[in-house]
Amino acid sequence: MVHKFPDDFVWGTATAAYQIEGAANEDGRGESIWDRFSHIPGNVWNNQNGDVACDHYHRYKEDVQILKEMGVKGYRFSISWPRVIPDGTGKINQKGVDFYNNLIDELLRQGIQPFVTLYHWDLPQALQDRGGWTNRDTTDYFAEYAQQMFKQYGDRVKHWITHNEPWCTSFLGHAIGVHAPGLKDFSAALLAAHNVLLSHGKAVEVFRQMGLDGKIGITLNLTPSYPASNSADDLQAATISDGFSNRWFLDPVFKGQYPDDMVKVFGTFAKIPEIQESDMKLISSNIDFLGINYYSRSLVKHNPDAQFGVETLKPEGQYTDMDWEVYPQGLYDLLLRIKKDYGDIDLYITENGAAFKDVVENDQIDDIDRLNYLKKHFEKAAEAIRDGVKLKGYFVWSLMDNFEWAFGYSKRFGLIYVDYETQRRLWKKSARWYKDVIANNSVD
Ligand SMILES: CO[C@H](O)c1c[n+]2c([nH]1)[C@H](O)[C@@H](O)[C@H](O)[C@H]2CO
């Protein structure tokens with residue numbers, strides 16, 4: 001069966017600054033928390049880091065040429081805050097600003113729409129030294145940074161994403177500790193989450209005040225939660241899992257309040273952040289679209305000995321190299337749920353993709369598992385559009401293999417294979433297939 005997409009559907013790919021740029025100490029770039037974190041032994045697989053990564057800072061023209069050949073309509077990338085404002089606030093680094101000017105101009109020359117993420121986890125270390133996201137002042141520094149970026153690029157960039165995955169920024173970075181800055185303090189994570197959301201609201205306010213021609217939104221990683229049975233305990237476990245993964249961010253952004261049930265759950269063992277009067281109004285400022293990062297689902301059951309009484313199960317089925325279950329139905333269910341519970345807003349899949357082990361034979365990479373993963377998820381996206389969801393675009397994670405955070409370069413998500421020894425880029429089978437999907441605007 002052929003799944004056709006709307007004529008103006010934005011097919012794209014996504015990346016992030018720290019994962020691909022390299023040039024970590026070049027042209028005035030300041031240190032980020034990921035430079036600091038990745039250089040501490042033990043934090044990253046094989047003690048790898050983003051010093052060089054995919055050398056995109058020097059190879060961006062070649063990479064945009066690949067995007068052009070692939071036929072993408074949009075390209076989602078992030079700006080490295082410390083590359084453009086090395087201390088996080090104050091002085092601009094013109095060479096850093098010029099890099100993104102050149103990248104944006106090259107994309108537009110090739111007819112590709114830039115979708116720009118302002119924050120994809122690489123906070124300037126200078127701001128971390130003042131408390132980072134647990135310091136409410138950082139919300140103002142973020143608004144200052146956003147205003148500068150709107151001023152520099154707002155004439156050409158028409159789609160802005162304030163934050164990538166506040167859940168990861170907050171919980172992976174401040175509670176679980178596997179991401180920068182590596183804290184293990186749930187109260188700090190809740191405070192960071194509040195300040196990240198508040199900074200989002202302040203950036204949206206600045207965007208509106210500047211009267212720019214463009215659209216602004218936020219990207220949330222969302223994981224639909226399914227109960228292992230219809231027992232009351234398992235249903236409650238799924239509700240809590242949904243609250244922790246999804247509603248703790250969706251409700252503030254779209255309803256202007258934190259979910260009561262989760263305030264009670266978190267309040268039993270952590271400090272709920274003090275909320276100032278205008279905070280929730282700012283956080284729930286009207287946005288033009290929601291970016292959704294979807295990778296898999298959670299299947300859960302009640303277990304009184306597990307965190308929040310929720311045990312995550314590992315059902316039979318196919319798993320990616322990240323040990324994430326392949327579950328395309330979750331994308332359909334998630335999209336319909338967002339429309340039902342949070343409103344009929346424009347949506348973009350700002351990330352979806354899979355890591356599988358790639359084998360290179362005679363410069364060919366037959367990554368059929370990744371191709372099939374994408375095919376199944378594209379089909380579910382088409383079904384969601386058929387059933388009334390305003391899905392406007394889909395960005396495959398990722399354009400190319402890159403620095404996979406604490407996993408270093410051990411996990412490959414790219415449509416394009418990167419030989420890190422030579423920095424050669426090689427088209428995988430999935431990339432050639434995706435080129436045809438885009439050309440036909442359909443999945444067969
Ligand atoms: C559960 O996966 C998360 O939503 C997620 C997965 N991913 C992400 N978030 C990040 O936005 C990317 O930087 C990662 O490279 C990518 C692949 O791991």
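This briefing walks through the ligand site of the structure above and then a few backbone details. Please keep in mind that the model is predicted. The ligand sits in the largest pocket, and the protein covers 89% of the 420 Å² of accessible area that the ligand has on its own. Away from the ligand, the points to look at are one helix, two cis peptide bonds and two residues with positive phi.

**Around the ligand**

- The shell around the ligand holds 14 residues, and those that come nearest are Gln-19, Glu-165, Glu-351, Glu-404 and Trp-405.
- By residue type, this shell divides into six nonpolar, five polar and three charged residues.

**Polar contacts to the ligand**

- Glu-165, one of the residues that come nearest, has a side-chain N or O atom 2.7 Å from a nitrogen atom of the ligand.
- Trp-405, also listed among the residues that come nearest, places a polar side-chain atom 2.8 Å from an oxygen atom of the ligand.
- Asn-164 contributes as well: an N or O atom in its side chain is 3.0 Å from an oxygen atom of the ligand.
- Each of these three pairs falls within the 3.5 Å cut-off for a polar contact.

**Helix α14 and what follows**

- Helix α14 covers residues 368-386, and its 19 residues should span 27 Å at 1.5 Å a residue.
- The C-alpha atoms at the ends of α14 are 27 Å apart, so the expected span and the model agree.
- After α14 comes Gly-388, which has a positive phi near 105 degrees.

**Cis peptide bonds**

- The peptide bond from Ala-180 to Pro-181 is cis, and its omega is near 5 degrees.
- To find Pro-181 in the viewer, go to the loop between α8 (166-176) and α9 (186-209).
- Trp-397 and Ser-398 are also joined by a cis peptide bond, with omega at about 10 degrees.
- Ser-398 belongs to the loop between β14 (391-397) and β15 (416-419).

**A positive phi outside glycine**

- Asn-47 is not a glycine, yet its phi is positive, at about 50 degrees.
- You will find Asn-47 in the loop that runs between α2 (33-38) and α3 (56-70).

Notes
Residues are numbered from 1 along each chain as its sequence is written. This is a predicted model: local features need pLDDT of at least 70, side-chain atom pairs count only at pLDDT 80 or more; totals for chains, interfaces and linings use all residues. Side-chain values use heavy atoms; hydrogens and water are left out. A residue is near a molecule or strand if one of its heavy atoms lies within 4 Å of it. A polar contact is a pair of N or O atoms within 3.5 Å; within protein, one must be able to donate a hydrogen and the other to accept it, and residues adjacent in sequence count only if both atoms are side-chain atoms. Accessible areas come from the Shrake-Rupley method with a 1.4 Å probe; for residues, only the protein chains shown count as cover. On a 1 Å grid over the protein atoms alone, a cavity is a set of points where a 1.4 Å probe fits but cannot get out, and a pocket is an open set with protein on both sides within 12 Å along at least five of seven lines; lining residues have an atom within 4 Å of a point. A molecule sits in a cavity or pocket if more than half of its atoms lie within 2 Å of its grid points. Ala, Val, Leu, Ile, Met, Phe, Trp, Tyr, Cys and Pro count as nonpolar, Asp, Glu, Lys and Arg as charged, and the others, Gly among them, as polar. Helices (H or I, at least four residues) and strands (E, at least two) are DSSP runs, numbered from the N terminus. The expected span of a helix is 1.5 Å times one less than its number of residues.
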